[in-house]
Amino acid sequence: MAQQVFAYIIHKDGVPDDTALELIAAAEKLDPDASVTAVVAGDGNELDSVCNEVASSCAEVWKIENPALAYITAEALRPLLVSILPKDGIVLVPHDHFGMDLAPGLSIKLDAAYLPDAVDFEGFDNGELKAVREEYSGQVSTHVLSDISEGAVITVRPGSFKADERKRGEGQIIDKTDQAIEGSLPAGARRFLEIIEAEVGDVDITKSDILVSVGRGIEDQDNMEIIFELAEAMGGDVSCSRPIVDAKWLEKSRQVGTSGQTVKPKVYMALGISGAFQHVGGLKGTPFVIAINKNPRAPIFQVADVGIVDDILDFIPELTERINELKSG
Ligand SMILES: Cc1cc2nc3c(=O)[nH]c(=O)nc-3n(C[C@H](O)[C@H](O)[C@H](O)COP(=O)(O)OP(=O)(O)OC[C@H]3O[C@@H](n4cnc5c(N)ncnc54)[C@H](O)[C@@H]3O)c2cc1C
């Protein structure tokens, strides 16, 4: 494959997102011979620190600086990317809210294939890329063949490729600002107004080292007590999946996931949580994941360091008792 592979870098406050190194790892899995080009767009001084940071992990960094990108929207960014990317390039974008907004329209404008939500690449079959996707909340893996010879925009699920921290020398930073031409924004296009920070509840789970996280498997609000008892025994905080918030058993600030909080604990216990990607997408860093679920095929076991197949309603009270015994004895 002689095509250039690009990784679009999400960043905030001058720091590349965790997906940056994941996309570079994904690009190298897609094409082991690729020299990956990172694309960093935005406005202000912090852009240079993002470029410098990713430069050591890839061959080139293309920088686009534009006041319209002070807060990046897909509509503002797309025409700039279209004006600099080669027609047959392979563009990797994280499969998050922003990537899902950006990628389909970008593929149309580049006249390139669109492959959403890839979790792995398994080489080529008769010249077509063989990508792996997960369906039905990760219960089923599917193989998708795509002809990417004339370019492709691929969204890559966050967390599915292990971030590769290897330094590969100092990538050259190329300023593409002058070549990146703005298109006219469509009438009624979205405009950025302000950032409203999510409310912090009684516990800030983004700061917790140990999270005891509960899902729909807890079955009843009356059973929630056993989760708090385990968290106390472990010296951790309680977090949850979205159905627990929807049921109003815990406040929104304790929800882990793509529409909840992003957490970076050292230990993460997933209790009666299936492991939907919207939930696992909120787990960052390299936590030690302990999953307890009565379904041995639950997708959470794919990301677990320790997996226990059992009923949490039986297992957790016994575990709490044992921990308390060990602590007192
Ligand atoms: C746009 C969007 C954004 C979303 N954002 C989020 C988000 O931020 N966070 C989030 O969590 N979800 C989010 N979701 C929802 C997500 O898709 C899943 O529906 C949700 O994560 C499932 O929660 P769960 O694992 O608790 O429940 P379920 O998927 O119902 O899983 C329950 C699990 O418990 C197990 N179980 C049942 N009883 C027991 C028992 N007694 N003992 C042990 N195991 C048991 C079952 O085997 C099952 O695996 C989002 C969805 C959408 C569409």
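In this predicted model, strand E4 (residues 37-42) runs alongside strand E5 (residues 60-65), the two pairing in the parallel sense over 6 bridges. Between E4 and E5 the chain passes through helix H2 (residues 46-55), and the resulting β-α-β crossover is right-handed. Strand E5 also pairs with strand E12 (residues 172-175), again in the parallel sense. The table sets out both pairings, each with one bridge between named residues.

| Strands | Bridges | Bridge partners |
|---|---|---|
| E4 (residues 37-42) and E5 (residues 60-65) | 6 bridges | alanine 38 and valine 61 |
| E5 and E12 (residues 172-175) | 4 bridges | tryptophan 62 and isoleucine 174 |

Turning to the interior, the largest nonpolar core comprises 56 residues, and Ala7, Ile9, Ala27, Val40, Val54 and Leu92 are those with the most contacts inside it. Helix H1 (residues 19-30) gives the most to this core, supplying 8 residues. If neighbours within four places in sequence are left aside, alanine 27 is in contact with Val5, Ala7, Ala34, Val36 and Leu92. Another core, of 31 residues, lies apart from this one and has Val214, Ile218, Cys240 and Leu271 among its members.

As for the ligand, 28 residues lie around it, of which Gly215, Gly217, Ser241, Gly257 and Ser274 come nearest. Two or more residues of this shell are given by each of helix H6 (242-246), helix H7 (277-280), strand E16 (288-293) and helix H8 (312-328). By residue class, the shell around the ligand divides into 15 polar, 8 nonpolar and 5 charged residues.

Methods: Residues are numbered from 1 along each chain as its sequence is written. This is a predicted model: local features need pLDDT of at least 70, side-chain atom pairs count only at pLDDT 80 or more; totals for chains, interfaces and linings use all residues. A residue is near a molecule or strand if its C-beta atom, placed from the backbone, lies within 6 Å of it. Ala, Val, Leu, Ile, Met, Phe, Trp, Tyr, Cys and Pro count as nonpolar, Asp, Glu, Lys and Arg as charged, and the others, Gly among them, as polar. Two strands pair if DSSP finds at least two bridges between them. A crossover is right-handed if, with the strands pointing away from the viewer, the path from the first strand over the helix to the second runs clockwise. A nonpolar core is a set of buried Ala, Val, Leu, Ile, Met, Phe, Trp, Tyr and Cys residues joined through C-beta atoms within 7 Å. A residue is buried if 20 or more other C-beta atoms lie within 10 Å of its own, exposed if 12 or fewer, and partly exposed in between; C-beta atoms are placed from the backbone. Two residues are in contact if their C-beta atoms, placed from the backbone, lie within 7 Å.
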